[in-house]
Amino acid sequence: MDGGNDRPAPMQPGHGGPDAGDTASDNRVTLRKLLVVTGLMFGFGFALVPFYEKLCDVTGINRIVKRDDHKPANTQVDTSRSVTVEFDANLRSNLPWTFKPLETSVRVHPGEIATVVYEVSNVAGRAVTGQAIPSYGPMLAAQFFRKIECFCFDKQEMAAGETRQMPIAFVVDPSLPSDVNTITLSFTFFEVAGRAQAGTPLATAAAPAGVTAPQSKIQ
Amino acid sequence: MQATHSHPAVHDHHAHAQPTGLMRWITTTNHKDIGTMYLWFSFTMFLVGGILALALRSELFQPGLQLVEPEVFNQLTTMHGVIMVFGAIMPAFVGFANWMIPLQIGAADMAFARMNNWSFWLLPPAALLLVISFFVPGGAAAGGWTLYPPLSVQMGPGMDLAIFALHILGASSIMGSINIVTTILNMRAPGMTLMKMPLFCWTWLITAYLLIAVMPVLAGAITMILTDRHFDTHFFNAAGGGDPVLFQHVFWFFGHPEVYIMILPAFGIVSEIIPAFARKPLFGYTSMVYATSSIAILSFIVWAHHMFTVGMPATAQLFFMYATMLIAVPTGVKVFNWVATMWKGSMTFETPMLFACGFIFVFTMGGFTGLILAITPIDIQLHDTYFVVAHFHYVLVAGSLFALFAGVYYWLPKWTGHMYNETLGKAHFWLSVIFFNITFFVQHFLGLAGMPRRVPDYALQFADFNMISTIGAFGFGITQLLFLYIVVSCIRGGEKAADKPWEGAQGLEWTVPSPAPHHTFETPPVVR
């Protein structure tokens, strides 16, 4: 670290000798290096975003709106125990929808495939796009709850006044710790701002069949 | 830039032609003038942040809502934090760096004198943005100084003003740090090797590197909030596939090094003062340098201990818990070195030494509560309670602020040419340390009993301790007006200070006259 700083040159009797010029150019070099570091660290802040997403994906911490397609180690249905799965529905951001599960709870054996249907209606006079985000209670249950099919995998575009029934199919992994007897699955629908008005190809593609362009024009 | 560099060579001819009055301060490139402005700016912001704190404590004097609405209370907590961290503590240390680093390493001025002027003059507009944000629709930022989404994404224009202010303050800090690193690396007097540097320069060199590394990360994080708010990005918006927890990771990647940015220069100041008043060289100088570096490096791998409750895997919790506890080792080395410096020293207790000793005692208590909070299962209990509030005020007020007071009293004779009033200085110390403990010690009990932080109202069982805390806070606040009086009367007059007013003081700064002339070390001193 000390390199280049011990000046062996003899002391000048005043200032402004050759030494001063050297220091000025040394300073400019240091300034440039430090500015590069500043720029790199600004980029690093943004690089943390894909890094975080990748890390969550690889470790499975945060795969909440993706299909759980990896095979469980044991496909056997464990009929020796039952787990109660409770369903909850919430709306956020003043989303002008109604949203509720048709059954509020089911009892399943670990390893058994179950399907539940949620009903959602758009009561607004305009098309609205929403995204459902699941959360689990207890938190530990999240990693044992495998969603095979879910409306939360895609953004849902709802035409004005449209009502739709949407399924979620899931399996509770048989390796669920034995002290967990009840899992609460809570969905919250968030409005995806700007989607419905923009009518981007992405939103249209994500919407299931049944939402057609003529329908959304009737208002 | 060229003019800046030729400045030391030509200033003799300019010295008499300097602008006077206000223009002197606006156009100055002199490190001492800029240091003085930094110190006055930070003291002003300290009073502003203090008034906000007293408003908070007044509301909390009794249970129930008496003085401010809950929304206003949230704005007051947020702005108290932002102003104290970015407006008071950080600029105060930069002020010390400007004044003392060139004097301690025998340089004529800072490396980039004009950039130095710009670094300072960015601060008042940023402070103005923060203050006027109280008067925009929706009021000032109210999501806490950590600016967590979703609140920070949903709030009114006050949040935009806070984000702009933080951008400006960050740019100022980065420029100040580049200046400090360049000055220390390139402009030391002949013979002043790095390992001969006063420890204050060492701690600031490391702090400046930390600032350059993490302030851009904060800039990135708040830029992401800004685009989430206005340009339809979804970095932190769950509905768009973003994740609010991501912000906490990015923020604390900045935020943990930031807390060491606020304490390392304080370690430096204390490491100057203890040897001076113990009349012994600092014990374990080399280990102090390595301990400071270790703390700085470790600060990059402990950030998630601020967010144990977000639901991270047990492995990650264990890693961050042990890494955090590891920091106690270099910090312990420093505390033991200070105590060993005092051992068998011929100690006298003038005000700087009182504040330095008070710093060690009270900062160590804050360090121990930090260790308690590092333990994951305990932290999950105490997260966001008043225990945390007590902890970080022990390290930030009794740590950073007491070290700043110690430094002011230590170098005030050099800055003003006068001795301050020793009796009043000692009174300032004793009143500060007593009222500080009245304010914050009881907050440990509140936190352990479960009182959450950032609430305007609370359950009845917390009433007594809150009343004690509020009384202490007003005592502490009023005591700081005594400090203002001591400093102002020291500037105006007082006993003439010798070039070296402290018998045991070491360092190049004591070889120049008191008050330090406008230009010093135009001819670099030779250090043997």
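**Exercise 1. Locate B:Arg57 and describe its surroundings in this predicted model.**

Solution. B:Arg57 belongs to helix 3 of chain B, which covers residues 31–59. The next step is its accessibility: the relative accessible area of B:Arg57 is 7%, and because the cut-off for a buried residue is under 20%, B:Arg57 is classed as buried. Then come its partners: once neighbours within four places in sequence are set aside, B:Arg57 is in contact with B:Tyr386, B:Gln443, B:Asn466, B:Ser469, B:Thr470 and B:Ala473. One of these partners, B:Thr470, is 413 residues away from B:Arg57 in sequence, yet their C-alpha atoms are 5.1 Å apart in space.

**Exercise 2. Determine how helix 4 of chain B is oriented against helix 3 of chain B and against helix 11 of chain B.**

Solution. Take the pair of helix 3 and helix 4 of chain B, whose axes come within 7 Å and cross at roughly 160°. Angles over 145 degrees count as roughly antiparallel, and therefore helix 3 and helix 4 of chain B are roughly antiparallel to each other. The crossing of helix 3 of chain B past helix 4 of chain B is left-handed.

Turn now to helix 4 (residues 70–105) and helix 11 (residues 264–278) of chain B, which pack at about 45° with axes 11 Å apart. This angle makes helix 4 and helix 11 of chain B oblique to each other, and here too the crossing is described as left-handed. At the residue level, helix 4 of chain B contributes B:Phe93, B:Phe96 and B:Gln104, which meet B:Pro265, B:Ala266, B:Ile269 and B:Glu272 of helix 11 of chain B.

**Exercise 3. Contrast the secondary structure of the two chains, and give for each the share of buried residues and of contacts that join residues at least 24 apart.**

Solution. Begin with chain A, which has four helices and nine strands; read from the N terminus, its elements follow the order α-β-β-β-β-β-β-β-β-β-α-α-α. Chain B, in turn, has 19 helices and zero strands. As to burial, 39% of the 219 residues in chain A are buried, whereas the value for the 528 residues of chain B is 61%. Finally, consider contacts between residues at least 6 apart in sequence: in chain A, 75% of them join residues at least 24 apart, and in chain B the corresponding share is 83%.

**Exercise 4. Describe the aromatic pair of B:Phe120 and B:Trp121, and find the ring over which the charged end of B:Arg24 sits.**

Solution. A search over all chains of the structure finds 64 aromatic pairs. In the pair of B:Phe120 and B:Trp121, the ring centres are 5.0 Å apart and the planes stand at 80°, an edge-to-face arrangement. For the accessibility of the partners, B:Phe120 counts as buried at 4% relative accessibility, while B:Trp121, at 29%, is partly exposed. As for B:Arg24, its charged end sits over the ring of B:Trp25, at 4.4 Å from the ring centre.

**Exercise 5. Place B:Ala304 within chain B, and decide whether B:Ala304 is buried or exposed.**

Solution. B:Ala304 lies in the loop that connects helix 12 (285–298) with helix 13 (314–326) of chain B. Its relative accessibility is 0%, so B:Ala304 counts as buried. Apart from neighbours within four places in sequence, B:Ala304 is in contact with B:Met312 and B:Phe320. Between B:Ala304 and B:Val250 there are 9.8 Å from C-alpha to C-alpha, for a sequence separation of 54 residues.

**Exercise 6. Place two cis peptide bonds and two non-glycine residues with positive phi in their chains.**

Solution. In chain A, a cis peptide bond with omega of about -5° joins A:Gly137 and A:Pro138, and A:Pro138 is in the loop between strand 5 (128–137) and strand 6 (145–150). In chain B, a cis bond links B:Ser514 to B:Pro515, with omega of about -5°; B:Pro515 is part of the segment after helix 19 (463–492).

Of the two positive phi values, that of B:Asp384 is near 60°, and this residue is in the loop between helix 16 (376–382) and helix 17 (386–416) of chain B. B:Asp384 is partly exposed, at 34% relative accessible area. B:Phe521 has a phi of about 50° and lies in the segment after helix 19 of chain B; with a relative accessible area of 12%, B:Phe521 is buried.

How values were computed. Residues numbered from 1 in each chain as written. Chains lettered and ligands numbered in written order. Predicted model: local features only at pLDDT ≥ 70, side-chain atom pairs only at ≥ 80, totals over all residues. Heavy atoms only, no water. Phe/Tyr/Trp six-rings, centres within 6.5 Å; stacked < 30°, edge-to-face > 60°. Buried < 20%, exposed > 50% of the residue type's maximum accessible area, 1.4 Å probe, protein only. Lys NZ or Arg CZ within 6 Å of the ring centre and 35° of its normal. Axes fitted to C-alpha atoms, helices over the stretch in contact; angles between N-to-C directions. Parallel < 35°, antiparallel > 145°, perpendicular 65-115°, else oblique. Left-handed = near helix turned anticlockwise from the far one by under 90°. Contact = heavy atoms within 4.5 Å.
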